[in-house]
Amino acid sequence: MIDGKKILFSGMQATGNLTLGNYLGALKNWVTLCDEYKCFYSVVDLHSITVRQDPAELRKRARSLLTLYIAAGLDPEKNCIYYQSHVSGHSELSWILNCYTYMGELNRMTQFKDKAAKHTDNINAGLFTYPVLMAADILLYQTDVVPVGKDQLQHLEITRDIAQRFNAIYGDVFAIPEPYIGKTGASIKSLQAPEKKMSKSDENPNASIYLMDDPDTVMRKFKRAVTDLQAQVRYNPEQAGIYNLINIYSACTGKTPEEIEREFDGKGYGDFKAAVGEAVVNVLRPLQERYADLCKNKDYIDSVIKNNAEKANYYAVKTLRKVQKKIGFPERIR
Ligand code: TYM
């Protein structure tokens with residue numbers, strides 16, 4: 001607890017352009033949770049280097065992502081918005097937790113298997129221990145709740161396992177975090193291959209809506225979205241393309257799938273796709289406008305970066321010292 005509130009942590013990678021999946025699956029929920037929890041939202045740049053990055057590009061994307069957090073409605077006075085690499089506790093705790101994590105557990109991680117298959121020339125140890133760094137992110141703040149999309153649930157499970165194992169040896173050191181999955185938008189799929197998740201790293205630009213896409217691009221991508229020949233707007237998982245479009249429309253408008261089925265009863269896919277496109281444009285427009293305004297205010301963003309890293313560091317060091325003491329590292333002489 002901090003200031004009488006439960007603690008929330010989440011993060012996003014500063015890799016690639018953020019998609020509608022990132023927004024509807026994570027960022028949108030973050031904004032609604034701000035009042036209830038003491039929140040830490042990190043730009044997880046340490047995670048990004050598990051895949052080779054261009055340095056200038058990484059720096060630019062990290063800043064852009066941090067700015068986008070604020071543009072999406074996270075108030076940096078109330079939420080701790082910071083770069084993971086600015087708080088060294090993440091790396092330090094990650095090393096420690098590595099020693100309490102088994103190779104067998106990490107071998108089971110589906111994200112590792114997927115990424116290793118994609119980057120065969122660079123299957124580095126960081127890619128393998130990626131979930132341990134993620135566990136460190138979460139446990140460092142004594143986190144109670146972690147809002148994520150469904151693709152991150154396996155990482156949450158291993159985080160809980162590591163925390164419980166550590167606590168079983170040393171007493172109640174870490175809070176045991178629970179995942180928080182939003183009601184809608186938790187699993188947004190590719191517009192071109194709706195059995196796959198919408199992903200920043202998809203090579204086909206028509207598969208994903210990027211948060212900075214202009215209205216014409218959004219409308220065009222939805223027009224081209226893969227559907228089926230059933231010609232019925234039904235919330236049926238077997239109609240994977242339409243199912244995904246209903247989820248997107250639902251997450252953007254707040255309408256339930258049943259209401260959406262009724263709204264488009266007897267109407268063609270063309271009408272439905274246009275309506276989904278417009279709903280998405282309406283969600284993205286204010287976000288893009290706020291983002292453009294914030295980008296003009298360099299000093300403000302710089303001050304957020306500095307102040308929030310200090311705040312995050314304060315809480316991170318508290319947990320880290322507790323862990324170091326429990327393990328038996330020598331005390332610091334002041
Ligand atoms: P990342 O950067 O891949 O994604 C950020 C968030 O977006 C969600 N998401 C989706 N949700 C619904 N549909 C989709 N198609 C979709 N694609 C992505 C993800 O579930 C995630 O919530 N390992 C994490 C980052 C991370 C983290 C953490 C998250 C590092 N440390 C600690 C939570 C807590 C990742 O790569 O997310």
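Tutor: A molecule is said to sit in a pocket if more than half of its atoms lie within 2 Å of the grid points of that pocket. The model discussed here is a predicted one.

Student: In which pocket does the ligand sit, and what must hold for that statement?

Tutor: The ligand sits in the largest pocket. It follows that more than half of the ligand's atoms lie within 2 Å of the grid points of the largest pocket.

Student: What makes a residue part of the lining of the largest pocket, and which residues lie nearest its centre?

Tutor: A lining residue has an atom within 4 Å of a grid point, and 49 residues line the largest pocket. Gln111, Asp151, Gln152, Lys197 and Ser199 lie nearest the centre. Two or more lining residues come from each of E1, H1, helix H2 (45–48), helix H6 (110–118), H7 and helix H8 (153–170). The space in this pocket is about 1,400 Å³, and its lining divides into 14 nonpolar, 24 polar and 11 charged residues.

Student: How many residues surround the ligand, and which are the closest?

Tutor: The ligand is surrounded by 27 residues, with Tyr130, Asp137, Gly149, Asp151 and Ile188 the closest. Strand E1 (7–12), helix H1 (20–33) and helix H7 (125–139) each contribute at least two residues to this shell. The shell comprises 12 nonpolar, 11 polar and 4 charged residues.

Student: Why is the pair formed by Tyr130 and the ligand called a polar contact?

Tutor: A polar side-chain atom of Tyr130 is 2.7 Å from a nitrogen atom of the ligand. The cut-off for a pair of N or O atoms is 3.5 Å, so the pair qualifies. Asp151 meets the criterion as well, since an N or O atom in its side chain is 2.5 Å from an oxygen atom of the ligand. At Met198 a polar backbone atom takes part, 3.0 Å from a nitrogen atom of the ligand. Of the 710 Å² of accessible area that the ligand has on its own, the protein covers 97%.

Student: What makes a space a cavity, and how many are counted at 30 Å³ or more?

Tutor: In a cavity a 1.4 Å probe fits but cannot get out, whereas a pocket is an open set of points. The count is 1 cavity of 30 Å³ or more. The largest cavity has a volume of about 40 Å³, and its lining consists of Met109, Gln111, Phe112, Lys115, Leu127, Tyr130, Pro131 and His155. H6 and H7 each give two or more residues to that lining.

Student: What class of residue makes up the lining of the second largest pocket?

Tutor: The lining has 6 charged, 2 nonpolar and 1 polar residues. Among them are Arg321, Lys322, Glu331 and Arg334. Here the space is about 290 Å³.

Student: What makes the phi of Gln142 notable?

Tutor: Most residues other than glycine have a negative phi. Gln142 is not a glycine, yet its phi is positive, at about 55°. Gln142 belongs to the loop between H7 and strand E4 (145–147). Ala231, also not a glycine, has a positive phi of about 55°, and it lies in the loop between helix H9 (215–223) and helix H10 (240–253).

Technical notes:
Residues are numbered from 1 along each chain as its sequence is written. This is a predicted model: local features need pLDDT of at least 70, side-chain atom pairs count only at pLDDT 80 or more; totals for chains, interfaces and linings use all residues. Side-chain values use heavy atoms; hydrogens and water are left out. A residue is near a molecule or strand if one of its heavy atoms lies within 4 Å of it. A polar contact is a pair of N or O atoms within 3.5 Å; within protein, one must be able to donate a hydrogen and the other to accept it, and residues adjacent in sequence count only if both atoms are side-chain atoms. Accessible areas come from the Shrake-Rupley method with a 1.4 Å probe; for residues, only the protein chains shown count as cover. On a 1 Å grid over the protein atoms alone, a cavity is a set of points where a 1.4 Å probe fits but cannot get out, and a pocket is an open set with protein on both sides within 12 Å along at least five of seven lines; lining residues have an atom within 4 Å of a point. Helices (H or I, at least four residues) and strands (E, at least two) are DSSP runs, numbered from the N terminus. Ala, Val, Leu, Ile, Met, Phe, Trp, Tyr, Cys and Pro count as nonpolar, Asp, Glu, Lys and Arg as charged, and the others, Gly among them, as polar. Grid points are joined across faces, edges and corners, and a volume is the space filled by probe spheres set on the points.
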